[in-house]
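Got the viewer open? Here is a short tour, one selection at a time.

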Amino acid sequence: MVREPLHETWIDSNRFVPRRFARPIQKFMQVEASAGAALLVMAVIAMVWANSPLSDSYFELWHTHVEVGVGSIHLFSHSLQDFVNDALMAIFFFVVGLEIKREVVLGRLRDPRAAALPVVAGAGGMLFPALAYVLIVMGEGGPALNGWAVPTATDIAFSLGVVSLLGSRVAPGAKLFLLALAIADDIGAIAIIAFFYSDSLRWDWLTWGILTLVAVSIAGRVGIRARTFYLPMALLAWFCIYESGVHPTLAGVALAFITPSRPMYSAEELYDKGQRILHSFPRRVTTYHQREEADHQIMALTEVARESVAPLARNEHRLLAWSSFLVLPVFALANAGVRLEGDVSQLLQPVALGTALGLLVGKTVGISLFTWLAVKMGWGILPEGMGARDVVALAAVAGIGFTVAIFVSGLAFVDPGLIDQAKLGILSGSLLAGLLGFFLYRFGPSPPPPEEASG
């Protein structure tokens, strides 16, 4: 077998990224784009089910009481929908946290100059939607204002799904810009959840949660690799954070951030250890003793190969498909069902209108304006192939805020009526934002060819 050299390759016009880092990015984008289709299907099923003659069964299902415990210890006692939002979504946020850490430590966001542009653009894409929402909902006041953060989120799966439909019309650098923008947006969303949407803290439980996370971090540094240790510790950390009043999905983010990003063995060590094992491997296996020896050598080689992959990459590879094709579709099915009352007046309610316009107008204006300012101030440069049309179109696509926006709406409001208004605004605003971005790319003016642009 010929070993592929670890030479560097272009993935955008601004910097080199090692091939071993480019491939995980490409795989992540492909999986997320495919997951957008699954999300869409489940969202449609939820909406149809919630407005069909069987609508009562939909709401009864997700309000089914779920209790998880051991003996007299009750770990969780809420509805099935709460179990999805609090427990299953911790897996989603763990995967998001892994992707954020990989990009910050190893990938595109590692270089401050490369990171500056999507981070600044992401800031505009959070500030302007929040301002648009507040301006529209200000007259309502009270609980309605708590939803200011709902339209600030970008859904990676849906946004990459829309971009994938456009094929070669979107330059590779533009796709990476959108991914980095969405990741910066996720960082902001996680901070918002932590600081604004956590209940009153119980410091005793929070202390135990922090101590559990410290123990996990130390175990990773000293080389403990057994899943039988990490899985119970992860569940313990989730439970302590859950009891502390901080939203339990943040336990997934914290666990991701302390997951080692470097393997136990380097590429050179893998090669040397592998060569030593293979040299002692029996060429012919004809006796029971030789079979035992061969099995021992194969297990040793497998262990060395496994520990030559960083835990961060290994966990992301293992959980990405489960998160994208199980957790998120179930979340969409549990949360996208909004009962419509038969006319469009619901869309004109302040919370629905503020959310929809925040996603559609706030995202498009905020990201476009802050991107222009960042380029003008010299804080970053656009990737090759991106022009004004691309910036505005990607800004519109970033207004698709399905998953995290719906998640935040459940944290922002207690009143079911306000939650339904927010969800309706999310669905309508995300649909319009996706269509706007698609049509800007499909029918908007094309950028000039490189030789004409340079002239």
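Start by selecting Arg-102, which is buried, with a relative accessible area of 6%. Keep in mind as you go that this is a predicted model. Now add Glu-99: the two side chains meet in a salt bridge, 2.2 Å from N to O. Is Glu-99 buried or exposed? Glu-99 is buried too, at 1% relative accessibility. Both residues sit in helix α3 (residues 80-105), three residues apart, or about one turn of the helix. Bring in Glu-316 as well, since Glu-99, Arg-102 and Glu-316 are linked in a network of salt bridges.

Stay with charged pairs for a moment; the whole structure has nine salt bridges. Select Asp-56 and Arg-339, whose closest N and O atoms are 3.6 Å apart. Asp-56 belongs to helix α2 (residues 55-62) and Arg-339 to the loop between α12 (311-335) and α13, so this bridge ties together parts that are 283 residues apart in sequence. Asp-56 is partly exposed at 48%, and Arg-339 is partly exposed at 34%.

For another one, pick Asp-295 and Arg-291, which form a salt bridge of 3.0 Å, N to O. They are four residues apart in helix α11 (residues 288-306), so about one helical turn separates them.

Next, the rings. There are 12 aromatic pairs in the structure. Select Trp-49 and Tyr-58: they pair edge-to-face, with 5.2 Å between centres and 70° between the planes. Trp-49 is partly exposed at 25%, whereas Tyr-58 is buried at 2%. Then go to Phe-92 and Phe-93, another edge-to-face pair, at 5.2 Å and 80°. Phe-92 is buried at 10% and Phe-93 at 3%. Add Phe-331 and Phe-407 to see one aromatic cluster made up of these four residues.

Now for the nonpolar interior. The largest nonpolar core has 94 residues, and Phe-402 and Phe-413 have the most contacts inside it. Colour helix α6 (residues 172-196), which gives the most to this core, with 12 residues. What does Phe-413 contact, leaving aside its neighbours within four places in sequence? Its partners include Tyr-133, Pro-143, Val-150, Val-351 and Leu-418. Apart from the largest core lies another one of nine residues, among them Phe-94, Leu-213, Val-216 and Leu-255.

Last stop: helix α13 (residues 350-376). Centre the view on Gly-358, where the helix has a kink of about 40°. Then step along to Gly-378, which follows α13 and has a positive phi, near 80°.

Conventions: Residues are numbered from 1 along each chain as its sequence is written. Side-chain values use heavy atoms; hydrogens and water are left out. Rings of Phe, Tyr and Trp (its six-membered ring) pair if their centres lie within 6.5 Å; planes under 30 degrees apart count as stacked, over 60 as edge-to-face and the rest as tilted. Buried means under 20% relative accessible area, exposed over 50%, partly exposed in between (1.4 Å probe, protein chains only). A nonpolar core is a set of buried Ala, Val, Leu, Ile, Met, Phe, Trp, Tyr and Cys residues joined through side-chain atoms within 4.5 Å. Helices (H or I, at least four residues) and strands (E, at least two) are DSSP runs, numbered from the N terminus. Contact means heavy atoms within 4.5 Å. The bend at a residue is the angle between axes fitted to the seven residues ending there and the seven starting there. A salt bridge is a side-chain nitrogen of Lys or Arg within 4 Å of a carboxyl oxygen of Asp or Glu.
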